[in-house]
Amino acid sequence: MKAFEYVDPTNLTQALGALSPSRGRALAIAGGQDLLALMKDYVLQPDRLVNVKRLDQTVAEADGGGWRVGAAVRLADLARHEGLRSAYPALAHAADEVGTPQIRNIGTVGGNLCQRPRCWYFRNEEFRCLKKGGPRCYAVDGENQFHAIFGDGPCHIVHPSSLAVPLLAYGAIVETAGPSGPREWPAADFFQMPDRNLFGETVLGPNELITAVRLPALKNVRSGHYEVRYKQSTDWPMAFATVALTMDGSRVASARVVLGAVAPVPWPSPAAEAVLGGQVVDEAIASRAADAAVRDAQPMSGNAYKVQVARTAVKRAVLRAAGLLA
C-alpha cells in the first residue's frame with residue numbers, strides 16, 4: 001500500500017478543509033472496510049485519508065416528523081434502533097443483513113452509501129476498465145454472472161449499497177456538504193448511472209461528504225425487504241428488493257418498488273408499482289408485480305439466472321410488506 005497522510009478532524013469544517021478538489025487525492029474514511037481493500041489492491045492510491053467516523057453519529061426525530069440519521073451512525077446501531085425499526089423496518093432489516101456483526105459494528109451509513117462497485121474487473125489492478133479510464137467494460141465479453149441485468153451499460157456494475165434501496169423506497173433525502181455549503185438530494189437523484197458519471201456512482205464531488213440521511217414521516221405505510229444470496233451466511237446478495245405500500249384500508253393506494261444488485265444504481269420499478277396500485281395484495285398480485293418488475297431485464301451472457309432471482313426477491317418483498325410472509 002502506498003504511504004499516505006492521515007488527518008483526524010474534530011468537526012465537519014475541518015474535514016471538508018482536508019479534502020481536495022482533485023479526484024482521488026484525498027479520500028474520506030469511516031469504517032474503512034471498502035476503502036482499505038481498494039488501496040491494498042492499488043485501485044485507489046490517495047495521498048491523504050480524512051477520518052470522518054467521529055462526525056455526526058446521532059439518530060433523532062426530525063421537527064415535523066420523520067427521522068434524521070447521521071452519516072457516521074454505525075450499521076449495527078441503525079439496525080437495533082427501536083424508533084427506526086418501528087418506523088422503517090425495511091431499512092433496519094437491510095442494515096441487519098450487511099456482512100457480519102464485526103462489519104456492522106464498524107461500517108457506517110455514509111460508508112455504505114458510498115461503497116465502490118464490487119465488479120472484479122474494477123477491483124483488479126490488472127484491468128484498466130471504463131471506470132478507471134480504460135477503453136471498455138470487460139464484463140461485456142467476460143465473466144458477468146454477478147453483473148447488471150438493467151441499465152444497458154456502458155459499464156455493467158451493480159450498485160453495492162444495501163441501504164440505498166430502502167432509502168429510495170421510503171423517499172429519503174440525502175444531506176451533503178462541500179465548499180459551496182450544504183445540499184439536499186432526493187435519494188433517487190443522489191445515485192448516478194455510468195453514462196452520467198463514469199468515475200463515481202453518486203453526485204458527490206471529490207471534496208464533498210454525506211452528512212446525514214433524512215427519512216420522511218410515514219402514514220399507513222407497510223414495507224418489506226427481501227435479499228437472495230448464494231449463501232445464507234456472509235455473502236453479497238445476488239438480488240434484493242424493498243417494497244413500501246401506502247395503504248387505504250386493505251387496498252394499496254400507492255406503491256414503491258425498488259430493486260438492488262441488478263443495475264448500476266438502485267432500480268425503481270414503476271411497472272410493478274402500477275400493478276400493485278388499487279389492489280388487495282395476495283400471492284397472485286405479488287406474482288404479477290414481480291413479473292412486471294423484471295419484464296424489461298436485459299441479462300448478459302452469464303447472468304440470465306438473475307432475472308428469476310430478482311423476480312423472487314420482489315414477490316417476497318411484496319408479500320412481506322403485506323404481512324403475508326414472515
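What follows is a walk through the fold, the cores, the hollows and a few backbone oddities of this protein.

First, some ground rules: this is a predicted model, in which local features need pLDDT of at least 70 and side-chain atom pairs count only at pLDDT 80 or more, while totals for chains, interfaces and linings use all residues. Residues are numbered from 1 along each chain as its sequence is written, and side-chain values use heavy atoms, with hydrogens and water left out.

Let's begin with the overall picture. The protein has 13 helices and 12 strands, where helices (H or I, at least four residues) and strands (E, at least two) are DSSP runs numbered from the N terminus. Its C-alpha atoms fill a box of roughly 60 × 50 × 35 Å along the principal axes. The radius of gyration is 19 Å, which agrees with the value near 20 Å for a compact globule of 326 residues; this radius is taken over C-alpha atoms, and the globule rule is 2.2 Å times the number of residues to the power 0.38. Of the 326 residues, 53% count as buried (under 20% relative accessible area, with exposed meaning over 50% and partly exposed in between, for a 1.4 Å probe and protein chains only). Among contacts (heavy atoms within 4.5 Å) with a separation of 6 or more, 63% join residues 24 or more positions apart.

Now for the inside. The largest nonpolar core (buried Ala, Val, Leu, Ile, Met, Phe, Trp, Tyr and Cys residues joined through side-chain atoms within 4.5 Å) has 39 residues, and Leu78, Leu113, Leu163, Leu167 and Leu215 have the most contacts inside it. Elements that each supply at least two of its residues include strand E5 (67-70), helix H5 (89-97) and strand E8 (209-215). Helix H9 gives the largest share, 5 residues. Leaving aside residues up to four places away in sequence, Leu215 touches Leu91, Leu167 and Tyr170, among others. A second, separate core of 37 residues includes Val243, Ala286, Val314 and Ala322.

H5 is worth a look too: its buried residues are Ala90, Leu91, Ala92, Ala94 and Ala95. Just after this helix, Gly99 takes a positive phi of about 50°.

On to the hollows. On a 1 Å grid over the protein atoms alone, a cavity is a set of points where a 1.4 Å probe fits but cannot get out, and a pocket is an open set with protein on both sides within 12 Å along at least five of seven lines; lining residues have an atom within 4 Å of a point. The second largest pocket is lined by 20 residues, with Arg118, Phe146, Val158, Trp236 and Pro237 nearest its centre. Strand E10 (residues 237-248) gives the most to that lining, with 3 residues. The largest cavity has 14 lining residues, and Cys119, Cys129, Cys137, Cys155 and Ile157 lie nearest its centre.

Finally, the backbone. Most residues other than glycine have a negative phi, and most peptide bonds are trans. The bond from Gly153 to Pro154 is cis, with omega near 10°, and Pro154 is found in the loop between helix H8 (120-123) and H9. Asp152, in the loop between H8 and H9, has a positive phi near 60° and counts as exposed because its relative accessibility is 61%. Ala261 has a positive phi as well, near 65°, and lies in the loop between strand E11 (251-260) and strand E12 (267-268). With a relative accessible area of 8%, Ala261 is buried.
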